[in-house]
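Reader: Please take a close look at a single part of this model, and then set that part in its wider surroundings. I would like one connected account, with each term explained where it comes in.

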Number of protein chains: 2
Amino acid sequence: MAETPVYDLIVIGGGPAGYVAAIRAGQLGKKVACIELERAGGTCLNWGCIPSKALLKSAELYLKMKQAETFGLGVQGLTFDFAKIMQRSRNVADQMAKGVEFLFRKYKVDYFIGLGQVTVPGLVEITAGEHKGKFFKTQNVLLATGCKARRLPDLPVDGERIMTSREALVPRARPPASVAIIGAGAIGAEFAYFLNAFGSKVTMIEVLPQVVPAEDEEVARTLQRSFEKQGIVIHTGTKAENIQVGQDTVKLELVKGDHREALEVETVIVAIGVVANLEGAVSPKVKLDLDRGFVNVDGNYQTNVKGIYAAGDIIGPPWLAHAAMFRAVNAVNGMFGHGTPRLVKNSPGCTYCQPQIASIGLTEKAAKEKGVAYKVGRFPFLAVGKAVAAGEPEGFVKVLADPTTAEILGAHIIGADATELISEFSLAMTLEATVDEMHATIHPHPTFGEAVMEAAAAVLGEAIHI
Amino acid sequence: MAETPVYDLIVIGGGPAGYVAAIRAGQLGKKVACIELERAGGTCLNWGCIPSKALLKSAELYLKMKQAETFGLGVQGLTFDFAKIMQRSRNVADQMAKGVEFLFRKYKVDYFIGLGQVTVPGLVEITAGEHKGKFFKTQNVLLATGCKARRLPDLPVDGERIMTSREALVPRARPPASVAIIGAGAIGAEFAYFLNAFGSKVTMIEVLPQVVPAEDEEVARTLQRSFEKQGIVIHTGTKAENIQVGQDTVKLELVKGDHREALEVETVIVAIGVVANLEGAVSPKVKLDLDRGFVNVDGNYQTNVKGIYAAGDIIGPPWLAHAAMFRAVNAVNGMFGHGTPRLVKNSPGCTYCQPQIASIGLTEKAAKEKGVAYKVGRFPFLAVGKAVAAGEPEGFVKVLADPTTAEILGAHIIGADATELISEFSLAMTLEATVDEMHATIHPHPTFGEAVMEAAAAVLGEAIHI
């Protein structure tokens, strides 16, 4: 019988937290394994952020081509091949997953497909898959098992009539003729934009009073206006009730206060957030301190059980890949004495439909609720030469700053390149920069980024182009 | 006879420095006039940055549409209407110029079309145009007359066979069948990309050893490779001699060392930089301290003559609109006691072809020449999920940092969204940030901006995805 292999670190889960943690440990010269049930890259890379961005790019280009005439161009016979669009998204995901697998080899990460389970601290077993029954000793475990899509109670996901984002990313021959998207957060908004672009009749249903409920109210209003102009039907403050799954359609009742309205669609996509996904990752003997299924950790990303760490979505919000990667790197750095681990402080959030949305820090609403004083600066892309030249004048940048110190408290962007522009605010907030400093920073002309500088200047009453 | 109007400030020139200075003075409640020979917005807005970006957008979209199949889209016929493409660029410029004129009214700037001339300090005359003969008294003058395209000696610009960037932006029915672009800087590269996209046979001729001579060498090599793949013929280290303008073509000799090669093209675009444009702005009685035609100023943007200030391109490099605007705001702020004026320290440079180029701070070559020690971090867009999903994996981010303090010394980007990504480095350098701080900043996933973070991490040997 072979000796039980001994690791410095075993990572359970190969998503953005897990694979990044494993690579980082490999970089630090540690003997590390990563056990992933499906494929390196996890949900984000294989069934989330990455394939969805490929789909959105096709949608963006398709809609842009419809406007070709505006740009002096002529298009005859514009068509799309939905199966090919979906297949491209799979190819992109596959390419990126192969990239992670390459990095595993490069950094000498042992990569096992299977279900990893912590038997007791220091011992990990693979309990399913081809490596089933393998045991490993390890000094440290990092739980990085992430989240999965929340489902509606009593509404089984069948992948045809009822889907979560995951099933909606599975290749199919044509878009649904009609779709109800329950939940108007980032994921719901992205599917709405994508499917609407390719001709699905899209209805969004959001129980909260605004679309993209986590975002600034003005941003949400702008998105709703834009989506409605694109042809998407939106019901906010509305519940979907009496969902009846038939052979070819789903019937729903949309309930808003006393008003009830019937809706029949080919497909329902449920996009109502995520739940913790710790199933099978620890044996019942390991008593982890949990909070609604999420693993509690200390400032070193260590759980209540010594030697068991956790990072990524499984330790709670923000449930975002970039926060997961950040946590993973810091957990591993801390574990192996490479600096003091940092916790997530300022993490941007992005929605990749068009117009894009990106934000960081406090919204006005949150500032009011917390009693934080603030001043606002706004700047519209309509006043930005590059945006007009690019035919993308929609949206604005909005900055919240401390009225006394001028420190940036939050930023909210809606517009064509919002998701790229937000990083400058992320750096600014990491450095506790002020709006004066941002205003004093030369932004190239002409760029969308000038709106960032002008919004900062607007807080001071010094924006030029408005 | 009406009394001579008295101003707090008269700005001569209505380009990025001039119109911004006038607006800023208006914001500060000053009585201000702006005298512009052609139209508010100057060269940049009317015959430079802005219309060229409109043209480039059409080219980008056209080339992207040719790749539609990659994205699962189908096109039966693809055409372009060159006259319409050019006309759109005029409409965009017109819209932005109207925007400046609106701001002039909003901030109570008196706007005169004409040639302004400082007779003596405190007195300005309009010497040409409909307001010819008007005199104004003023406490301060700001010279913001900018630059104009440098021409080749003995080669008159006729707008047909021989053009500068300006004539090349004048609407015409079709692109030239063939064009030689003399000078492979930012402007030359943009025209090469644009005209090549629409079928012109483009030859670039650059006397220096690399295209985009001001940029990092690796960036230049990447651009050259990309341009050649696009079909552009490039001659570096090459002079154009014996330029013979005929009826329908221009004949040139390309001279590289001992090698001579003949070239015949329909049109030549001369894009070899700029010269100072102070003509007529000061009377011979005003003895300004000049340097090769550019106006010398002190730390308050004041010339050697009290009460006469200058800002923008006319005070020397960097000859870029954003630097001009920055200087204008600071000159006016200082003039009227609104804080201490700042001088341009870190100013990004951008080239808007595809792949785009953007940079700030030291190149490796400059660091070596100055004896500045540095470490390099590089990260390719090929390893960025968003870039792959968007079908834009070309290019990289490269960061130079101080090996001791880790302070960022320079950044060089080539890739699809380079001109937007550079602003984060501009902020970082304004704040004297380190690569550690940039690495510790959460960048949203998936974005092109992750390459910025990873390149910073690469300086430290801590990039994850490579």
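Author: Chain A averages a pLDDT of 97, and 100% of its residues score at least 70, where pLDDT is the predictor's confidence in each residue, on a scale from 0 to 100. This is a predicted model, in which local features need pLDDT of at least 70 and side-chain atom pairs count only at pLDDT 80 or more, while totals for chains, interfaces and linings use all residues. Residues are numbered from 1 along each chain as its sequence is written, and chains are lettered from A and ligands numbered from 1 in the order in which they are written. For the complex, the predictor gives an ipTM of 0.97 and a pTM of 0.97.

The part chosen for a close look is strand E25 of chain A, which covers residues 396–401. Helices (H or I, at least four residues) and strands (E, at least two) are DSSP runs, numbered from the N terminus. Because 6 of the 6 residues of E25(A) are buried, the strand is largely enclosed by the rest of the structure; a residue is called buried if 20 or more other C-beta atoms lie within 10 Å of its own, exposed if 12 or fewer, and partly exposed in between, with C-beta atoms placed from the backbone. In a regular strand the side chains alternate between the two faces of the sheet. In E25(A), Phe396(A), Lys398(A) and Leu400(A) point one way, whereas Val397(A), Val399(A) and Ala401(A) point the other way, and all of them are buried.

E25(A) has strand partners to consider, and two strands are said to pair if DSSP finds at least two bridges between them. Strand E24 of chain A, residues 375–380, pairs with E25(A) in the antiparallel sense over 6 bridges, and within this pairing Lys398(A) is the bridge partner of Arg378(A). E25(A) also pairs in the antiparallel sense, over 6 bridges, with strand E26 of chain A, residues 408–415, where Ile414(A) stands opposite Phe396(A). The hairpin of E25(A) and E26(A) has 6 residues between the strands, and in it Ala406(A) takes a positive phi near 70°.

From the strand one can move to a helix that it helps to cover. Helix H13 of chain A, residues 450–459, has 10 of its 10 residues buried, so this helix too is largely enclosed by the rest of the structure. Its buried residues include Glu450(A) and Glu454(A) as well as Val452(A), Met453(A) and Val459(A). What covers the buried residues of H13(A) includes E24, E25, helix H11 (418–430) and helix H12 (435–439) of chain A, together with helix H11 (418–430) of chain B. H13(A) is followed by Gly461(A), whose phi is positive, near 70°.

In the domain assignment of chain A, domain 1 spans 6–149 + 275–335, domain 2 spans 162–272 and domain 3 spans 355–459; such bounds come from an automatic or database domain assignment. The C-alpha centres of domain 2 and domain 3 of chain A lie 29 Å apart. Between these two domains, 9 residues of domain 2 of chain A are in contact with 11 residues of domain 3 of chain A, contact meaning that the C-beta atoms of two residues, placed from the backbone, lie within 7 Å. The side of domain 2 of chain A that touches domain 3 of chain A divides into 3 nonpolar, 2 polar and 4 charged residues, where Ala, Val, Leu, Ile, Met, Phe, Trp, Tyr, Cys and Pro count as nonpolar, Asp, Glu, Lys and Arg as charged, and the others, Gly among them, as polar.

The presence of a chain B helix over H13(A) leads to the relation between the chains. Chain A can be laid on chain B with an RMSD of 0.1 Å by a turn of 180° and a shift of 0.0 Å along the axis, which is the relation of a two-fold axis; the copies are superposed by least squares on the C-alpha atoms of residues with pLDDT of at least 70 in both. The same surface serves both copies, since 100% of the contact residues of chain A recur in chain B. In this interface 84 residues of chain A are in contact with 84 residues of chain B, and the side of chain A that touches chain B divides into 46 nonpolar, 24 polar and 14 charged residues. Strand pairing also crosses between the chains: strand E3 of chain A, residues 73–76, and strand E4 of chain B, residues 77–80, pair in the antiparallel sense over 4 bridges, with Val75(A) opposite Leu78(B).
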